[in-house]
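User: I am new to this structure, so please choose one part of it and walk me through that part slowly, adding the surroundings where they help.

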Amino acid sequence: MNIVVCVKYVPDATADRHFEADNTVDRVGVDGLLSELDEYAVEQSLQIKEKLGDDSEVTVLTVGPEQATDAVRKALQMGADKGVHVVDDTIAGSDYLATSLVLAEAIKKIDHDLVVCGMASTDASGGVVPAMLAERLGVPQVTMASEVELDGQSVKIRRDGDTATETIEGTLPLVLSVTDQSGEARYPSFKGIMAAKKKPVETWSLADLGVDAGQVGLSAAWTAVESTEARPPRTQGEVVTDEDGSGAKALVEFLASKKFI
Amino acid sequence: MSEILVLVDHVDGAVRKPTYELLTIARRLGEPSAVFIGSDVSSAADNLKAYGAEKIYVVDDAEIKDYLVAPKAEVLAQLVEKTQPGAVLITSSAEGKEIAARLAVKTESGVITDAVDVQAGPVTTQSVFAGNYTVQAKVTKGTPIITVKPNAATPEQTDGAGTQEEFAATISEAAKTAKITASEPRKATGRPELTEAAIVVSGGRGTGGNFEPVEKFADALGAAVGASRAAVDSGWMPHSFQVGQTGKTVSPQLYVANGISGAIQHRAGMQTSKTIIAVNKDEEAPIFELVDFGVVGDLHAVLPAATEEVNQRKG
């Protein structure tokens with residue numbers, strides 16, 4: 001079984017995430033890392049490979065700036081077998097549609113039976129690229145899985161939706177996305193970190209994918225950010241220390257003063 | 001005036017509140033046309049009309065309900081083709097966003113997700129980077145497809161014509177490949193829906209697994225109950241209660257965080273609440289940086305006392 005796991009290199013949420021003058025996200029001036037939610041995708045890919053116990057391969061794929069190799073490297077350290085990094089200046093500022101187009105074209109060039117994604121990125125939190133990939137690749141969308149079961153050519157998942165818990169099934173090849181409930185993601189072992197250094201990582205450009213520069217990047221985007229504004233940080237209001245019930249009294253007084261009760 | 005398509009979010013015909021918010025927003029942009037995909041529109045029709053639907057497209061879901069997302073996207077794509085609307089509005093649930101995503105590819109349109117406001121244009125407002133930035137955006141190609149978060153608008157009751165029109169969609173075989181083989185509805189909690197509630201009372205690690213003080217306080221305020229990731233990971237509350245980056249994002253009038261330290265993961269899910277209160281034993285807890293009011297104390301003592309006081313005042 002050949003598994004392609006898509007990962008994203010994102011700005012660290014604890015760092016000062018911000019926008020450039022052209023209203024694109026600064027992905028270069030801020031420390032980045034493998035999006036935490038993609039770790040679960042890598043984990044489930046590795047578990048599938050381990051359960052099959054054969055010569056299955058996990059290829060980690062990313063589209064991102066030069067620094068995005070860090071995300072590929074982390075996935076390789078966790079146990080993925082090889083990496084593909086699509087990097088091209090013209091891709092900067094792409095919207096969901098261009099991103100999914102580039103990923104889809106890259107996936108088509110990699111021998112694959114199963115595409116695995118995280119539930120959403122931790123920067124845009126869109127959660128839409130996996131569905132777009134399924135649409136573009138013309139394969140079943142089996143997404144937002146909190147539990148995954150592979151049975152021959154069939155993938156069965158538990159999807160915990162807003163109003164119901166569903167069991168979804170599809171036949172390979174398909175796009176699978178997994179949530180942070182799907183199983184704890186492993187930390188790279190020392191052995192894994194050393195082994196990763198020897199694993200092959202290919203670098204592809206847009207031309208390698210046969211994608212026209214006019215289809216990607218900021219100028220090709222089908223949405224435009226008109227403005228961004230930093231919200232003033234919240235200022236701390238009154239904080240009291242509870243002493244023999246004084247805390248509860250003050251709390252209720254506050255609620256009353258704000259007309260919540 | 002162009003039609004604005006609003007996908008009706010309902011459970012067996014019971015329309016969920018955010019749909020009324022979408023109809024209200026649709027009214028700003030054009031003429032609201034509700035799209036009802038289901039087996040029986042009769043219980044929903046009057047409500048959709050009362051909240052402004054000029055038209056209600058009724059799509060029978062016999063071929064649709066057993067397959068994940070793809071068929072609904074096909075229905076909407078066919079309606080977009082037929083009506084050439086000014087925009088398509090869908091609620092920002094996981095399913096809603098996936099439908100919007102596929103619709104965007106099918107109609108070669110831009111898509112904006114998680115709008116917290118939509119004004120004429122349409123121009124959207126989004127709250128990004130854990131609420132640290134507000135972004136204004138618009139779609140520049142095709143039919144604007146916008147997913148909207150709950151609480152983005154106050155639903156306004158203004159009668160629309162509510163004219164029903166049956167729409168026979170053609171569902172391709174390719175859309176019927178992710179089968180829903182089982183479905184267990186979520187049990188009603190008797191409390192407001194977490195993402196729609198005006199007040200949310202949450203519990204975290206500090207509850208030690210006993211959510212009773214949190215739940216009783218929530219009930220005194222008529223609030224929804226939420227949980228931090230720590231509480232969910234410990235198995236104390238189901239994931240559907242989780243507020244945070246990997247759970248639900250809420251923006252209620254009042255958010256009360258109890259025994260929650262306030263890590264960025266949690267803050268991402270509640271930082272834009274209008275008023276924030278925290279109760280925590282640790283005066284250094286980062287959550288206190290966000291609060292309009294805070295109590296340094298044990299929630300097991302503070303909440304029951306506060307609950308009693310609130311109930312007494314209610315009389």
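**A helix and the sheets**

Analyst: Right after helix H1(A) comes A:Gly53, a residue with a positive phi, near 60°. Everything described here is taken from a predicted model. H1 of chain A itself covers residues 36–52, and these 17 residues reach 25 Å from the first C-alpha to the last, which is close to the 24 Å expected at 1.5 Å a residue. The helix is mostly covered, with 12 of its 17 residues buried; among them are A:Leu37, A:Tyr40, A:Val42, A:Leu46 and A:Ile48, and also A:Asp38, A:Glu39, A:Glu43 and A:Lys49.

From this helix we can turn to a sheet that takes strands from chain A and chain B. It is an open sheet of six strands with parallel pairing, in the order S13(A)-S17(B)-S16(B)-S15(B)-S13(B)-S14(B). Its edges are formed by S13 (238–241) of chain A and S14 (224–227) of chain B; each of these has a single partner strand, so one side of each is left without a neighbour in the sheet. On average, neighbouring strands of this sheet are turned by 15° against each other, direction ignored.

At the S14(B) edge, the partner is S13 of chain B, residues 199–203, and the two strands pair in the parallel sense over four bridges, with B:Val201 standing opposite B:Val225 in S14(B). Helix H5 of chain B, residues 212–221, packs on the sheet and touches S13, S14 and S15 (254–258) of chain B, while its direction makes about 175° with that of S13(B). Helix H8 of chain B, residues 299–314, also packs on the sheet, touching S15, S16 (275–280) and S17 (293–296) of chain B, and its direction makes about 130° with that of S16(B).

Another strand of chain B rewards the same attention. In S10(B), residues 145–148, B:Ile145 and B:Thr147 point one way, whereas B:Ile146 and B:Val148 point the other way, and all are buried. In a regular strand, side chains alternate between the two faces of the sheet. S10(B) is joined to S6 of chain B, residues 87–91, by four bridges, and the two run parallel; here B:Leu89 stands opposite B:Ile146. S10(B) also pairs in the parallel sense with S7 of chain B, residues 111–119, over three bridges, and in this pairing B:Val111 stands opposite B:Ile145.

Technical notes: Residues are numbered from 1 along each chain as its sequence is written. Chains are lettered from A and ligands numbered from 1 in the order in which they are written. This is a predicted model: local features need pLDDT of at least 70, side-chain atom pairs count only at pLDDT 80 or more; totals for chains, interfaces and linings use all residues. The expected span of a helix is 1.5 Å times one less than its number of residues. A residue is buried if 20 or more other C-beta atoms lie within 10 Å of its own, exposed if 12 or fewer, and partly exposed in between; C-beta atoms are placed from the backbone. Two strands pair if DSSP finds at least two bridges between them. Axes are lines fitted to C-alpha atoms, for helices over the stretch in contact, and angles run from 0 to 180 degrees between N-to-C directions. Two residues are in contact if their C-beta atoms, placed from the backbone, lie within 7 Å.
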